[in-house]
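Biologist: I am new to this structure. Please take one part of it and describe that part closely, strand by strand.

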Amino acid sequence: MNLKLLSRAFIPRLKQFVVPVATALALAGSVACEIPEDARDVVGRSRAMHSDLIIFSDLDWESAEIQTRIAGYIIEHGYGYPVELVKGDTNLSWLALTRNDTDITMEIWLPNQSEHWFKAIEKGIVIDAGSSLDDNWQGWVIPRYVQEEYPGLVSVQDIPEHAEVFATAGSSGKARFIGCAKGWSCEEVNDNKIRAYGLEKYIDHVSPPSGPALFADLENAYKHEDPWIGYIWSPTKAAHQLDLVRIEEPPYSEECWETHQGCEYPINEIRIGVHASLAARAPEVLEFLKKWDFNANEQIATETWIDDQNETLPNAVLWYLINFKEIWHQFVPPEIASKVDRAVAEKNRKITST
């Protein structure tokens, strides 16, 4: 296959609706937010037109975006279901899944979303379709060059005396701390941590508009060796390629996490959430998702290819399907794998014949 031509010319058939995320969120034991009615109307019309339609939550960070599009392509071209994506942050996407405005969410991060997740599982609203990512961690970090210059900055207790290192013109003398994107569950967790550590007077907590904005902020600072402190998780390309040092926090415990959250993040379980109705509508799709796996090596390789080639997410779908065929072929029956392979080959044939 001519992969260079293929990656340049591929135009995805996946139709994407963008759900506005500027919606009031109130987190007080439950997510009290509403999906805009115009977005719900779009979803409703789509389901009316295609009774077999499968809708994915399109979470706004790269690993989830990549997984969603790969799984969607396999379901569409292998199993024959029309597929659509609905853009949203963690909280809106969770609400959409529980209301069956979407059918599948490829990354549910536990314990960040544990309270709502286990309630929905117990009530039979959502099905746990299995694991998503592995080899993960999340926490507060600084670049190693910062710690080398300020060796006394080791733990959260050391932040007050080093706050001015990270101060900017707009941070009022406080350390500019780059946290989770707006609308992510970990945005609230980081707020809780700052309060638990008594750092409100020393940290200006900035929530970037998106995951890419978070990484762009880190990578720009790293390129110029500027001071930077904030939240990062793995597996991500930045965590893999940049020399980062995790800031020490008190050890995780269930008691801590269920009260003030003034302790390190636990190792996460990242699950695939499926609305219960999909089990009857598309049982074969549910079986496919139960076999799904997307490990750190595949994710980082795909993210790196996107950046190195200045490519798009849709094009990365075909790159993955070609380069990791021996992996994803294990998730589906041979006849489904053949259909997907033929779809990719046909696209390449059309490109190379023009």
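Modeller: What follows describes one sheet and the helices on it, and then turns to a single residue elsewhere in the chain. The model is a predicted one.

The sheet is open and has five strands, in the order E10-E9-E11-E8-E12, and its pairing is mixed. Strand E10, residues 203–206, and strand E12, residues 244–246, are the edge strands, since each of them pairs on one side only. From one strand to the next, the twist averages 40°.

At the E10 edge, the neighbour is strand E9, which covers residues 175–178; E9 and E10 pair in the parallel sense, over four bridges. One residue pair can be picked out there: Arg 176 has Asp 204 in E10 as its bridge partner.

Two helices can be placed against these strands. Helix H8, residues 185–196, packs on the sheet and touches E10 as well as strand E8 (137–143) and strand E11 (229–234). The direction of H8 makes about 175° with that of E10. Helix H9, residues 211–224, lies across E8, E9, E11 and E12, and runs at about 115° to E11.

The single residue is Thr 302, which sits in helix H14, residues 296–308. Thr 302 has a relative accessible area of 0%, so it counts as buried, the cut-off being under 20%. A polar atom of the Thr 302 side chain lies 2.8 Å from the backbone oxygen of Glu 298. Leaving aside residues up to four places away in sequence, Thr 302 touches Ile 66, Ala 316, Trp 319, Tyr 320 and Phe 324.

Methods:
Residues are numbered from 1 along each chain as its sequence is written. This is a predicted model: local features need pLDDT of at least 70, side-chain atom pairs count only at pLDDT 80 or more; totals for chains, interfaces and linings use all residues. Side-chain values use heavy atoms; hydrogens and water are left out. Buried means under 20% relative accessible area, exposed over 50%, partly exposed in between (1.4 Å probe, protein chains only). A polar contact is a pair of N or O atoms within 3.5 Å; within protein, one must be able to donate a hydrogen and the other to accept it, and residues adjacent in sequence count only if both atoms are side-chain atoms. Contact means heavy atoms within 4.5 Å. Two strands pair if DSSP finds at least two bridges between them. Axes are lines fitted to C-alpha atoms, for helices over the stretch in contact, and angles run from 0 to 180 degrees between N-to-C directions.
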